[in-house]
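Let's take a relaxed tour of some charged side chains and a couple of unusual backbone angles. Have a look at the sequence and the model first.

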Amino acid sequence: MFNASIVLYKPDIRQLAHAVSLLLEVDGLHKLYLIDNSPVQIPDLPVSSEKLEYVYVGRNLGYGAGNNIALRKTVEEDIPFHLVLNADVSFNPGDIGRMIHYMQQHPEVGSMMPKVIYPDGELQYLCKLLPTPLDLFGRRFLPGSWLERRMNRFELRFTGYSRQMNIPYLSGCFMLLNTMALKQVGIFDERFFMYPEDIDLTRRIHRSFLTLFYPEVTIVHHHEKASYKNRKLLWVHIVNICRYFNKYGWFCDKERRRVNRATLSSVGK
């Protein structure tokens, strides 16, 4: 049994209907929460189901705080697993069951992310080391050719993304969470309005559980990199990344050094 949540902000209704329809086909779904941070409420949901719960917030809480509305209910009701996902993903409903079955057989796994590709089939490099300031700010503002070798290491591109890996930073676009892990480490840190909340949560879970990249399942993510196109979102991105480094340390982060060294060793670098 599992719950799922999608945080919305001015969503593409056709895209949302597709994701919701797929989720409602998954065996074992207990409740799907649509947390709407939009300024105007959706007049009519594209899909109707007793498993669907629409929560209109009335203001933009941010990605982590929005998902926390649903995560608290999952923890309180002791639902074993919770899937956090974006509305712009597509997947085989049966694959969710495969992931949950794996986690049931391996309780040491605290979170899991499948292989993620673009609609054209290109791989998205979403398995990452714990970032340094250069990793996040450099790739945003410096020419890609300057940091090619560093990005190959940071995004673990050299691994080929062809095998299971225990990774300290997994993307929040499609994150299957073990409720037992959430009870131990907590849910999203609401200091982060958007962007580094997945780094923070995966990092905390990674301390006590496996945070697993699971390439046996592949999903499609229509990733638009909104902060690369919108100056307001770029500023939001910068502010929240600064909050992340204020929490863990900009240049002196012993845990980051230790975890990244162990991760690189485990994947054969």
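A residue is called buried when its relative accessible area is under 20%, exposed when that area is over 50%, and partly exposed in between, using a 1.4 Å probe and protein chains only. By that yardstick E155 is buried, at 5%.

Before going further, a word on the model itself. It is a predicted one, so local features need pLDDT of at least 70 and side-chain atom pairs count only at pLDDT 80 or more, while totals for chains, interfaces and linings use all residues. Residues are numbered from 1 along each chain as its sequence is written, and side-chain values use heavy atoms, with hydrogens and water left out.

**Salt bridges**

How many salt bridges turn up in a search of the whole structure? The search finds 13. To count, a side-chain nitrogen of Lys or Arg has to be within 4 Å of a carboxyl oxygen of Asp or Glu. Here are three of the pairs:

| Pair | N to O distance |
|---|---|
| R150 and D135 | 2.7 Å |
| R157 and E155 | 2.5 Å |
| R203 and D253 | 2.9 Å |

Where do R203 and D253 sit? R203 lies in helix α7 (residues 197-206) and D253 in the loop between α8 (231-248) and α9 (254-266), so their salt bridge ties together parts that are 50 residues apart in sequence. Helices here are DSSP runs of H or I with at least four residues, strands are runs of E with at least two, and both are numbered from the N terminus. R203 is buried, at 3% relative accessibility, and D253 is buried too, at 5%.

The other two pairs are a bit more mixed. R157 is partly exposed at 36%, whereas its partner E155 is buried. Likewise, R150 is partly exposed at 32%, but D135 is buried at 4%.

Salt bridges can also join up: D189, R191, D200, R204 and K247 are linked in a network of them.

**Two positive phi angles**

Now for the backbone. Most residues other than glycine have a negative phi. K10 isn't a glycine, yet its phi is positive, near 50°. You'll find K10 in the loop between β1 (2-8) and α1 (13-24), and it is exposed, with a relative accessible area of 58%.

D78 isn't a glycine either, and its phi is positive at about 60°. Is D78 in a helix or a loop? D78 is in the loop between α2 (63-77) and β4 (81-85), and at 47% relative accessibility it counts as partly exposed.
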